[in-house]
Amino acid sequence: MNLPLHFGLLGTLEAAGIALLVGLLVYFLFHHIARVLRWTHGHALGWASGIAVVIAAGIDMWKLFYMGIVRMESPFYARLYLSTIHDPNELGSRVVLEIIGALSGVALGWVLFSSRSAPERGDAG
C-alpha cells in the first residue's frame, strides 16, 4: 500500500484496518455481482476473499516472497531492496495481519449483507 503508515505495531494495525475495509468493499461488490449472476454465497465469498487478499496484501506478500527466494549477492543490493520496503522489520507480521484483516472484512460483509437479503422462512422445524 502506498499510504504513509506509522512504523511498528501501530502501522501494522493500520494496514490491517485498511485491509478490513477493502475486504468489506470487495464483498459488497461481489454480493451484488452474485445476485445478478445467481451465484451461491460460496462463489461470492470465494472470489471476494481471493481478490481482497490480493488487493490488500499483494504488494507486501510479493516483497516478502521476493526477499525469501532471491539471493541477495551483496550487502549493497540487500540495502537497496530493503530501502523500497516501508518498515522491513514488521513486513511478516504486516502480511499476516493484512490477510487476516481482508478475510475478516469479507466475513463481516457476509454477515451484514447476506442477513438482509436472505428470504425469511416460516418453517417451524
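This passage walks through the fold, the aromatic pairs, the salt bridge and a nonpolar surface patch of a predicted model.

Starting with the overall picture, the protein chain comes out as four helices and zero strands. Read along the sequence, that gives a plain α-α-α-α pattern. Of the 125 residues in the chain, 30% are buried. As for how the chain packs against itself, take the contacts between residues at least 6 apart in sequence: 68% of them join residues at least 24 apart. The accessible surface adds up to about 8,300 Å², and carbon and sulfur atoms account for 69% of that area.

Next, the aromatic side chains. A total of six aromatic pairs turn up in the structure. One of them is Tyr27 with Phe113, a stacked pair with ring centres 6.4 Å apart and 15° between the planes. The stacked label follows because planes under 30 degrees apart count as such. Tyr27 sits in helix 1 (residues 8–37) and Phe113 in helix 4 (residues 91–117), so this pair ties together parts of the chain that are 86 residues apart in sequence. Both partners are out of the way of the probe: Tyr27 has 0% relative accessibility and is therefore buried, and Phe113, at 14%, counts as buried too.

Another pair, Trp62 with Phe65, is tilted, with 5.6 Å from centre to centre and 40° between the planes. Here the partners share an element: both belong to helix 2 (residues 41–69), and they are three residues apart, or about one turn of the helix. Phe65 is partly exposed, with 45% relative accessibility. The story doesn't stop at two rings, either, as Trp62 and Phe65 join Tyr66 and Tyr81 in one aromatic cluster.

On the charged side, things are quickly told. Side chains of opposite charge can pair when their charged atoms come close. A search of the whole structure turns up one salt bridge. It runs between Arg94 and Asp60, whose closest N and O atoms are 3.1 Å apart. The bridge connects distant parts of the chain, with Arg94 in helix 4 and Asp60 in helix 2, 34 residues apart. Both residues are buried, and for Arg94 the relative accessibility is just 4%, which means it falls under the 20% cut-off for that label. The two side chains also make a polar contact, again at 3.1 Å. Asp60 isn't the whole neighbourhood, though: setting aside residues within four places in sequence, Arg94 also touches Thr12, Ala15, Ile85, His86 and Asp87.

Finally, the surface. Val36, Leu37, Trp39, Trp47, Ile51 and Ile55 together make a nonpolar patch of about 610 Å². Helix 1 and helix 2 are the elements that give two or more residues to this patch, and helix 2 has the largest share, with three residues. Trp39 is a patch member that lies in the loop between helix 1 and helix 2. With a relative accessible area of 32%, Trp39 is partly exposed. That value also clears the bar for patch membership, because patches are made of residues with over 30% relative accessible area.

Methods
Residues numbered from 1 in each chain as written. Predicted model: local features only at pLDDT ≥ 70, side-chain atom pairs only at ≥ 80, totals over all residues. Heavy atoms only, no water. Phe/Tyr/Trp six-rings, centres within 6.5 Å; stacked < 30°, edge-to-face > 60°. Buried < 20%, exposed > 50% of the residue type's maximum accessible area, 1.4 Å probe, protein only. Contact = heavy atoms within 4.5 Å. Areas by Shrake-Rupley, 256 points an atom, 1.4 Å probe, with all protein chains shown as cover. Salt bridge = Lys/Arg side-chain N within 4 Å of Asp/Glu carboxyl O. Patch = residues over 30% accessible without salt bridge, like charges linked within 9 Å, V, L, I, M, F, W, Y side chains within 5 Å. Polar contact = N/O pair within 3.5 Å; in protein donor to acceptor, adjacent residues only side chain to side chain.
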